[in-house]
Every structure is written in structure tokens, then in C-alpha cells.
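Here are my notes for a first look at this protein. Please keep the structure open while you read.

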Amino acid sequence: MRKAVSLLAQHEEKARVLAGGTDLLALMKRGRITPECVLNISKIRDLSHIGHGEDGSLRIGALTTIRAIEDFTPIRENFALLYEAAHALGSIQIRNIATIGGNICRASPSAEMAPPLLALDANAIIISQEGMRKVPLNKFFAGPGITVLRANELLTEIQVPNLLPRTGTAFLKISRTCMDLAKVNIAVVLRATTRVCDDVKIAVGAVAPVPKRARKAEELLRGKQLAEKTIEEASQVVAEEVEPITDVRSTAEYRREVSKILVKRAISIAFRRAED
């Protein structure tokens with residue numbers, strides 16, 4: 001790992017980092033990216049791991065494949081939304097190669113893993129020759145295809161705090177086909193006691209320049225009875241918070257309307273799981 005950050009410091013903007021390559025190689029073949037050099041980090045063993053740290057948080061190395069996340073039983077049992085997002089990403093062949101670090105660092109507005117990690121209050125661990133820094137994921141995305149990573153920095157790990165009891169989660173995605181990028185994706189983490197929403201995080205993807213939290217909707221739900229009317233109001237607030245565009249996959253109007261529907265469904269699923 002030291003050699004990798006040394007090479008990044010040496011080449012900086014001239015270099016691109018290769019992990020799984022499912023995005024980078026495709027962009028290079030199309031001529032959309034033409035780096036002077038490519039730094040292949042795929043063999044750095046210290047970056048490929050998944051498990052719990054001493055503080056109980058979930059720790060996922062940047063080179064951990066999406067398939068490994070999908071197959072990790074503690075994630076399926078305790079972080080259902082991460083499992084659902086991993087399962088929704090492309091084909092099994094792609095999931096066997098694509099890494100969580102690559103998915104996050106690509107900073108696509110429609111990245112499957114971004115909304116779940118945002119809703120889980122995850123942190124990105126970043127290193128350079130100057131040292132290490134921890135960046136909350138809600139401050140990691142700076143624009144479409146842009147992150148706060150500096151040219152000499154490397155993402156090494158994603159850290160996810162443990163969930164409190166009576167917390168339910170859900171992830172939903174809608175796309176043209178199972179292999180396509182999302183038209184809309186939604187992640188919800190909700191904690192409830194006797195039908196009252198104690199806390200909630202809602203994250204949306206493919207409906208704004210970056211994956212983002214729907215904070216106004218979260219504020220509306222906190223401390224409220226999770227009645228159908230309240231959930232309907234929150235979903236309407238999400239539809240007002242998003243900033244969708246029209247592109248080859250969908251229209252802005254469709255994305256706004258589907259955001260409202262998916263949020264309502266995801267809140268209901270997360271609430272049901274919180275009660276189980």
C-alpha cells in the first residue's frame with residue numbers, strides 16, 4: 001500500500017487507479033478517459049476484507065467485491081439494504097469483479113452502493129503520504145464523477161456504524177433492465193418504537209447531481225407516528241427535494257414521480273423489518 005500511495009504522489013493527475021476495472025476500462029476503450037498511466041491496486045491484499053472492527057463497526061476494504069458483500073451472511077442478516085443494493089448491481093459476472101471502492105469513487109449519481117452507505121452514516125477512510133483522514137460519505141461526493149479524493153490519495157476502507165436495536169432497512173431500485181443503471185434508487189434506515197419513528201435516514205440516487213440524503217423528509221418523519229398519511233407526506237417531500245434530469249434512461253418527471261413511490265415502499269419495508 002505504501003508503494004501505491006508513493007506512486008500516486010509521484011504521478012498525481014496523470015494517473016488513474018484500477019481496481020476491478022468494470023468502469024475504468026470501459027471509459028478508456030471509449031476514449032472518454034486517456035490517462036498517461038494506470039495504477040493497478042487489485043493485488044493489494046490489505047484492501048480486500050470484510051468484517052467487524054474492535055468497536056463493532058462493519059469494515060469493508062475498498063477492493064472487496066460486490067459479490068463478496070452480497071455473500072457475506074452478517075450483511076444479509078443485519079444490513080439488508082447493503083445486500084439488496086449489491087444484489088441489484090449488474091450481473092453476477094460484474095459483481096464478481098466490481099469493487100465497492102470503485103463503485104463509490106466513480107461517483108456516478110446512480111451508483112447502487114452510494115445510497116445505502118449514505119443512509120448508514122458510513123465513513124470513507126483515505127490515505128496518502130501525508131497520513132490518513134476519515135470523510136463522512138455525505139461529504140465524499142462533489143459532483144457527477146467527482147469526489148473529494150485528492151490526486152495523491154487512495155480510498156482504503158468503508159466503515160459502517162452498528163445499527164441500534166429496532167432498526168429496519170430497505171433498498172429499492174428501478175431500471176430499464178436488471179443490467180442497466182438505475183433510473184431511481186432509494187435507501188432507508190429507520191428506527192421505530194411502538195409505531196413512532198425515533199430516527200430515519202433516507203438517501204436517493206440517480207435523481208440529483210450526486211447521491212444525497214432527503215433531509216427535509218427525514219425531519220418530517222422523526223418523532224411522528226408512522227401512519228399512512230405521514231409516510232405519504234414524507235414521500236411527497238422527497239419528490240420536491242430531488243433534482244432529476246431527462247436523459248436516455250428516463251424523463252425528469254418520471255424520476256420525480258417514481259422517487260415518491262419508491263420512498264413510500266422503502267419506508268414501509270424498513271418499518272416492518274424494524275418491528276420484526
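Among contacts in the protein between residues at least 6 apart in sequence, what share joins residues at least 24 apart?

1. **Contacts.** The share is 60%. Please read this, and every value below, as coming from a predicted model.

2. **Overall build.** The protein has 11 helices and 13 strands. Its radius of gyration is 18 Å, and the globule rule gives 19 Å for 276 residues, so the protein is as compact as a globular protein of that length. Along the principal axes, the C-alpha atoms fill a box of roughly 55 × 45 × 30 Å.

3. **Burial and surface.** Of the 276 residues, 52% count as buried. The exposed area is about 13200 Å². Carbon and sulfur atoms supply 50% of that area.

4. **Charge.** There are 40 positive and 32 negative side chains. The centres of the two sets lie 3 Å apart.

5. **Helix α5.** Look at residues 80-87, which form helix α5. The rest of the structure largely encloses this helix, because 7 of its 8 residues are buried. The buried residues are Ala80, Leu81, Leu82, Tyr83, Glu84, Ala85 and Ala86. Note that a glutamate, Glu84, is on that list.

6. **Strand β9 and its partners.** Strand β9 covers residues 154-160, and 7 of its 7 residues are buried. Which strands pair with β9? One is β4 (residues 58-61), which runs antiparallel to β9 and is joined to it by 4 bridges. Here leucine 58 has valine 160 as its bridge partner. Another is β5 (residues 123-128), also antiparallel to β9, with 5 bridges. In that pairing, isoleucine 125 is matched with glutamate 157 of β9.

7. **The open sheet.** Four strands make an open sheet, in the order β10-β11-β12-β13. The pairing is antiparallel. β10 and β13 (212-213) are the edge strands, each pairing on one side only.

8. **Strand β11.** This strand spans residues 182-193. Is β11 largely enclosed or largely open? It is largely enclosed by the rest of the structure, since 10 of its 12 residues are buried. In the order of the sheet, β11 stands between β10 and β12.

9. **β10 against β11.** Strand β10 (residues 167-175) pairs with β11 over 9 bridges, in the antiparallel sense. The two strands form a hairpin, with 6 residues between them. Two matched positions help to trace the register. Phenylalanine 171 stands opposite alanine 187 of β11. Lysine 173 has asparagine 185 of β11 as its bridge partner.

10. **β11 against β12.** On this side, β11 pairs with β12 (residues 196-205), again antiparallel and over 9 bridges. Isoleucine 186 is matched with valine 204 of β12. β11 and β12 form a hairpin that has 2 residues between the strands. In this hairpin, threonine 194 takes a positive phi near 45°.

11. **Positive phi in loops.** Most residues other than glycine have a negative phi. Two loop residues deserve a check against that background. What is the phi of aspartate 121? It is near 55°, a positive value. Aspartate 121 sits in the loop between α8 and β5. With 33% relative accessibility, aspartate 121 counts as partly exposed. Alanine 206 also has a positive phi, near 70°. Its place is the loop between β12 and β13. Is alanine 206 buried or exposed? It counts as buried, at 12% relative accessibility. The cut-off for buried is under 20%.

12. **Alanine 107.** This residue lies in the loop between α7 (100-105) and α8 (114-119). Why does alanine 107 count as buried? Because its relative accessibility is 1%, and buried means under 20%. Leaving out residues up to four places away in sequence, alanine 107 touches Phe141, Gly143, Pro144, Gly145, Ile146 and Thr147. In space, alanine 107 and valine 210 are 7.3 Å apart, C-alpha to C-alpha. In sequence, the two are 103 residues apart.

Definitions and conventions: Residues are numbered from 1 along each chain as its sequence is written. This is a predicted model: local features need pLDDT of at least 70, side-chain atom pairs count only at pLDDT 80 or more; totals for chains, interfaces and linings use all residues. Side-chain values use heavy atoms; hydrogens and water are left out. The radius of gyration is taken over C-alpha atoms; the globule rule is 2.2 Å times the number of residues to the power 0.38. Buried means under 20% relative accessible area, exposed over 50%, partly exposed in between (1.4 Å probe, protein chains only). Contact means heavy atoms within 4.5 Å. Accessible areas come from the Shrake-Rupley method with a 1.4 Å probe; for residues, only the protein chains shown count as cover. Lys and Arg count as positive and Asp and Glu as negative; His and the chain ends are not counted. The place of a charge is taken as NZ of Lys, CZ of Arg, CG of Asp or CD of Glu. Two strands pair if DSSP finds at least two bridges between them.
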